Amino acid sequence: MAACAEAPELVYLVTGGCGFLGEHVVRMLLEQEPRLRELRVFDLRLSPWLEELKTGPVQVTAIQGDVTQAHEVAAAVSGAHVVIHTAGVVDVFGRVSPETIYKVNVQGTQNVIEACVQMGTRFLVHTSSMEVVGPNIKGQPFHRGDEDTPYEAVHKHPYPQSKAQAERLVLEANGREVRGGLTLVTCALRPTGIYGEGHQIMRDFYRQGLRLGGRLFRAVPASVEHGRVYVGNVAWMHVLVARELEQRAALMGGQVYFCYDQSPYKSYEDFNMEFLGPCGLRLVGTRPLLPHWLLVLLTALNTLLQWLLRPLVLYAPLLNPYTLAMANTTFTVSTNKAQRHFGYKPLFSWEVSRARTILWLQGKEGSAQ
Ligand SMILES: NC(=O)C1=CN([C@@H]2O[C@H](COP(=O)(O)OP(=O)(O)OC[C@H]3O[C@@H](n4cnc5c(N)ncnc54)[C@H](O)[C@@H]3O)[C@@H](O)[C@H]2O)C=CC1
Ligand SMILES: C[C@H](CCCC(C)(C)O)[C@H]1CC[C@H]2[C@@H]3[C@H](O)CC4=CC(=O)CC[C@]4(C)[C@H]3CC[C@]12C
C-alpha cells in the first residue's frame with residue numbers, strides 16, 4: 001500500500017458508511033487521510049449528505065448495496081486497498097429478527113472477508129463491539145478491564161452473539177492468502193457505548209424526557225458504571241488503524257482493540273444527563289425510583305406485550321430484560337493498547353465531545369442527521 005508523496009492513490013471502502021458511526025468514519029477519512037484518492041461508501045440506504053461530499057478533491061463513490069449479497073460486496077471491494085467494515089444491524093430491542101441480525105452481521109462479514117480474498121484487498125478493519133466480551137448473562141462486572149482481562153463471555157442475545165461470531169471470523173482470516181499471493185491483515189475495534197452527533201438512542205431519551213415534562217426517572221443505581229466513547233474518537237481510531245495496518249502488520253494483524261477516550265465513567269443515565277441536563281432535562285431521584293424486582297416485572301410485561309402485539313404492530317420499548325441487565329452491570333474499559341500499538345490518542349477531549357453532542361441534541365449543529 002506504499003503511497004507516493006505527491007499523488008493520492010489509495011482507494012478505501014467503508015461499509016455501513018451512512019450509519020451513525022459510518023458517517024463519522026467517512027468524514028474523518030476525508031479530513032485526515034491525505035493519501036486518499038477514492039472513497040467508496042457502501043450502504044443499504046444512501047444518505048442525501050453524501051452529495052455534498054462529492055464536490056471535494058477526493059472521488060466519493062456512493063454504492064447502494066447489501067452486505068448479505070456476496071456479488072455486490074465483491075464488486076464494491078474490487079480495486080480497494082482498505083476496507084473498513086462498519087455495516088451491521090444494531091438491535092437489542094427486538095426490532096429485527098434474530099435471523100436478519102445473523103445474516104447481516106455474520107454472513108455479511110464473511111462476504112466482506114471473501115471479497116477481500118477474491119479481489120486481492122489486503123487490509124480489513126472491522127467494527128466489533130464491547131458486547132463481544134460483555135456484560136455476560138450472569139451480570140458479572142467488568143471493571144476497568146483491558147483486552148487481556150479474563151472474563152466469562154457468555155451471551156444469549158442475538159446481537160452480541162452475532163458480533164462475537166463476526167469478530168472471530170475476521171480475526172481468523174488474518175494471514176489468509178489473497179489474490180496476488182500476499183496476505184490479508186485484519187483487526188477488530190471494540191467500541192463501548194458510542195455517543196455523539198447522530199446517536200439515535202440519546203435522541204430517544206431526549207424526546208422521552210420532553211414528553212414527560214422535562215423529567216427522566218432514574219432506573220439504574222448511580223454506582224453502576226458504563227463505558228462510553230465519543231463517536232469522533234471511534235472514527236479516528238478506525239482511520240489510524242487503517243493507516244498503520246500495513247507498516248505494523250506483524251504487530252496489529254489479528255488483534256482486537258477496545259475504543260476508549262477521556263469520557264468519564266458514570267452510570268448510563270448519569271452519563272446521558274451530561275448532555276440532556278444542558279438541554280433542560282432533569283433526572284429525578286438519587287436512587288432508582290422503582291425497586292429492581294418491579295423493573296424486572298415490567299421488562300417481562302414488555303416482552304409479553306411485544307410477543308402479543310407482533311402480528312399487529314412492532315412494540316419495541318427501550319426497557320426489556322436485556323437492556324435492563326446491560327444498564328445494571330458495570331462494564332468499563334481502561335487500556336492503552338491502541339496507543340502502544342498504533343499511537344492512538346483521542347482527537348477530541350471530553351469537553352469538546354460533550355459540547356459537540358449537546359449542540360447536536362439542541363439542533364444547532366452537527367453533521368449527523
Ligand atoms: N452504536 C453503538 O453504541 C455501537 C455500535 N457498534 C458497531 O458499530 C457499527 C455501526 O453501528 P452504528 O453506526 O451504531 O449503527 P447504524 O445502524 O447507525 O449503522 C449501521 C449501518 O449499516 C447499514 N446496514 C445495515 N444492514 C446493511 C446491509 N445488509 N448491507 C449494507 N449496509 C447495511 C445501515 O443502513 C446503517 O447505515 C456496527 O457494526 C455496530 O455493531 C459497536 C459498539 C457500539
Ligand atoms: C437502552 C439501554 C438503557 C436502558 C435504560 C433504562 C430503560 C433501564 O432506563 C442501554 C444501556 C446499555 C446500552 C448498550 C451499551 O452501550 C452497549 C452497546 C453496544 C453496541 O454494540 C450496540 C449498542 C449497545 C447494545 C447499547 C444499546 C443501549 C443500551 C442497552
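The dialogue below works through the overall fold, one strand and two ligand sites of a predicted model.

Q: Which conventions apply to this model?

A: The model is predicted, so that local features need pLDDT of at least 70 and side-chain atom pairs count only at pLDDT 80 or more, whereas totals for chains, interfaces and linings use all residues. Residues are numbered from 1 along each chain as its sequence is written, chains are lettered from A and ligands numbered from 1 in the order in which they are written, and side-chain values use heavy atoms, with hydrogens and water left out.

Q: How many helices and strands does the chain have, and what does its radius of gyration say?

A: Helices (H or I, at least four residues) and strands (E, at least two) are DSSP runs, numbered from the N terminus; here the chain has 13 helices and 13 strands. The radius of gyration is taken over C-alpha atoms, and the globule rule is 2.2 Å times the number of residues to the power 0.38. For this chain the radius is 20 Å, close to the 21 Å that the rule gives for 369 residues, so the chain is as compact as a globular protein of that length. Along the principal axes, its C-alpha atoms fill a box of roughly 60 × 45 × 40 Å.

Q: How is burial read, and which residues of strand β7 point each way?

A: A residue is buried under 20% relative accessible area, exposed over 50% and partly exposed in between, with a 1.4 Å probe and protein chains only. By this criterion 53% of the 369 residues of the chain are buried, and in strand β7 (residues 185-191) seven of the seven residues are. Val185, Cys187, Leu189 and Pro191 point one way from β7, Thr186, Ala188 and Arg190 point the other way, and all are buried.

Q: Which strands are joined to β7?

A: Two strands pair if DSSP finds at least two bridges between them. Strand β5 (residues 123-127) runs parallel to β7 and is joined to it by five bridges, with Thr186 of β7 as the bridge partner of Leu124. Strand β11 (residues 255-259) also runs parallel to β7, again through five bridges, and there Phe258 is the bridge partner of Arg190.

Q: What surrounds ligand 1?

A: A residue is near a molecule if one of its heavy atoms lies within 4 Å of it. Of the 25 residues around ligand 1, Leu21, Asp43, Asp66, Tyr159 and Lys163 come nearest. Helices α1 (20-32) and α5 (158-173) and strand β8 (193-195) each supply at least two residues of this shell. A polar contact here is a pair of N or O atoms within 3.5 Å: oxygen atoms of ligand 1 lie 2.9 Å from a backbone N or O atom of Phe20 and 3.0 Å from one of Ile194. Accessible areas come from the Shrake-Rupley method with a 1.4 Å probe; taken alone ligand 1 exposes 820 Å², of which the protein buries 86%.

Q: Which residues are closest to ligand 2, and which helix gives the largest share of its shell?

A: Among the 17 residues that surround ligand 2, the closest are Ser129, Glu131, Tyr159, His226 and Glu269. The largest share of the shell, three residues, comes from α11. Side-chain N or O atoms lie at 2.7 Å from a ligand 2 oxygen atom for Ser129, at 3.3 Å for His226 and at 3.1 Å for Glu269. The protein covers 91% of the 630 Å² of accessible area that ligand 2 has on its own.

Key
A polar contact is a pair of N or O atoms within 3.5 Å; within protein, one must be able to donate a hydrogen and the other to accept it, and residues adjacent in sequence count only if both atoms are side-chain atoms.
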